[in-house]
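Open the model in your viewer and have the selection tool ready. We will go from stop to stop, choosing a piece of the chain each time and looking at what surrounds it.

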Amino acid sequence: MCAYVLVAEDDEKQAELIRRSLLKEGHTATVVHDGGAALDEARRHRPDLVVLDLMLPVVDGFGVCRVLRQNDDIPVLMLTARSTEDDVLLGLELGADDYMTKPYSPRELMARIRTVLRRSGRPAAEQRDDPVVRAAGIAVDPARHEVVCEGSPVECTPAEYEILLAMVTEPERVFSRRQLLHRTRGIDRASTERAIDVHIMNLRRKIEADPRRPVRLLTVFGVGYKLKGDRA
C-alpha cells in the first residue's frame with residue numbers, strides 16, 4: 001500500500017528519519033515542524049495518514065488531533081516521549097488510531113503505519129488521481145522518482161532530487177545549508193555544507209531559464225535557499 005503521509009514532528013532529525021523510512025516503503029511524505037503547519041497541509045492536501053508528535057509548537061498534537069477529528073476522518077498515529085496513562089487515554093479519546101512512545105524503532109513505526117492504513121481502508125496513493133507534488137512549475141513524482149519542469153523531464157542526481165523534493169514539498173520555506181545537507185547525507189556521506197551550493201548551482205542549470213538570474217530557486221542571503229512559488 002502506497003500512501004501520502006503527513007509527518008508533523010518538530011525534531012528535524014526524527015522527522016527526516018521518518019521521512020526516509022516512508023520513502024523506502026514507497027510512500028509519499030510531507031514533513032512539517034509545528035501544529036499550525038500540520039493543519040494547513042491537511043486542509044490543502046488531504047493525507048492518507050498523519051504521523052503526529054504531541055509536543056509540537058504553535059498547536060500541540062492534542063490540538064491538531066482535535067481539529068482533524070472535527071472536520072475529517074484522517075487516520076492519526078501519535079508519537080510522544082510522554083507515556084503516562086492519562087496522555088495515552090487522552091490521545092485515544094481524541095480519536096488517534098494508534099499511539100507510540102519514544103524511543104521507537106523505524107521498523108516498528110513502519111509496521112504500525114501499515115496496520116493503520118490497512119485498518120482504515122484509505123485509498124493508496126497510486127490509486128489517487130494525482131499523487132505528484134507540484135510547485136513553481138515543477139512536478140516531483142516520489143513513487144517513480146521523476147522530476148518534470150514546465151512539461152520537460154529533468155535528470156537529477158540523487159542528492160539534487162532529495163533537495164528538490166524537499167523544496168517542492170515546502171515551497172517558500174527557507175532551508176539552511178545544514179538542513180539540506182541532512183536530506184543528502186545518506187546519499188553522500190562525504191558532503192559538506194558547501195557542497196549544497198554546488199547542487200543548487202547544478203539544479204539552477206536544469207530548472208531556470210537563466211541560471212544567473214534565477215526566479216525559482218532563490219538565495220536567501222545569510223540563511224540558505226528557498227523555492228519561490230505555491231503548492232499546486
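The tour starts with the whole chain and then visits its strands, sheets and helices.

**Before you click**

This is a predicted model: local features need pLDDT of at least 70, side-chain atom pairs count only at pLDDT 80 or more, and totals for chains, interfaces and linings use all residues. Residues are numbered from 1 along each chain as its sequence is written, and side-chain values use heavy atoms, with hydrogens and water left out.

**Stop 1: the whole protein**

Show everything as a cartoon. The protein has 8 helices and 12 strands; these are DSSP runs numbered from the N terminus, with helices being H or I of at least four residues and strands being E of at least two. Of the 232 residues, 50% are buried, where buried means under 20% relative accessible area, exposed means over 50% and partly exposed lies in between (1.4 Å probe, protein chains only). Switch to a surface, and about 11,400 Å² is exposed, with carbon and sulfur atoms supplying 49% of it. Those areas come from the Shrake-Rupley method with a 1.4 Å probe, and for residues only the protein chains shown count as cover.

**Stop 2: strand E1**

Select residues 4-8, which are strand E1. Is this strand buried or exposed? Its 5 residues are all buried, so E1 is largely enclosed by the rest of the structure. Tyr4, Leu6 and Ala8 cover one side, and Val5 and Val7 the other.

Now add residues 28-32, strand E2, which pairs with E1 in the parallel sense over 5 bridges. Strands count as paired if DSSP finds at least two bridges between them. Zoom in on Val7 to find Val31 of E2 opposite. To get from E1 to E2, the chain passes through helix H1 (residues 12-24), in a β-α-β crossover that is right-handed. Right-handed here means that, with the strands pointing away from you, the path from the first strand over the helix to the second runs clockwise.

Next add residues 49-53 for strand E3, which also pairs with E1 in the parallel sense, over 4 bridges. There, Leu6 has Val50 as its bridge partner.

**Stop 3: the four-stranded sheet**

Move on to an open, antiparallel sheet of 4 strands in the order E6-E7-E8-E9. Strand E6 (133-135) and strand E9 (152-154) are the edges, each pairing on one side only. From one strand to the next, the twist averages 25 degrees.

Add helix H6 (residues 158-169), which packs on this sheet, touching E6, strand E7 (138-141) and E8, with its direction about 115 degrees from that of E7. Contact means heavy atoms within 4.5 Å, while axes are lines fitted to C-alpha atoms (for helices, over the stretch in contact) and angles run from 0 to 180 degrees between N-to-C directions. For a close look at the pairing, select residues 146-149: this is strand E8, joined to E9 by 3 bridges. Val148 stands opposite Pro153 in E9.

**Stop 4: the three-stranded sheet**

Another open sheet has 3 strands in the order E10-E12-E11, with antiparallel pairing. Strand E10 (175-176) and strand E11 (217-220) stand at the edges with a single partner strand each, so one side of each has no neighbour in the sheet. E10 pairs with strand E12 (residues 224-227) over 2 bridges, and Phe175 has Tyr225 as its bridge partner in E12.

H6 packs on this sheet too, touching E10, E11 and E12. Helix H8 (residues 193-207) packs on the sheet against E11 and E12, at about 145 degrees to the direction of E11.

**Stop 5: H8 and its helix partners**

Keep H8 on screen with H6: their axes come within 10 Å and cross at roughly 80 degrees. That makes the two helices roughly perpendicular, a label for angles of 65 to 115 degrees (under 35 is roughly parallel, over 145 roughly antiparallel and the rest oblique). Among the residues in this contact are Ile163 and Met167 of H6 and Ile200 and Leu203 of H8.

Now select residues 177-184, helix H7, whose buried residues are Gln179, Leu180, Leu181, Arg183 and Thr184. They pack against H1, H6, E10, H8 and E12. The H7 and H8 axes come within 9 Å and cross at roughly 80 degrees.

**Last stop: Arg216**

Finish with Arg216, in the loop between H8 and E11. At 12% relative accessibility, Arg216 counts as buried. Its contacts include Gly137, Cys149, Glu150, Glu208 and Lys226.

How values were computed. Lists of a residue's contacts leave out its neighbours within four places in sequence.
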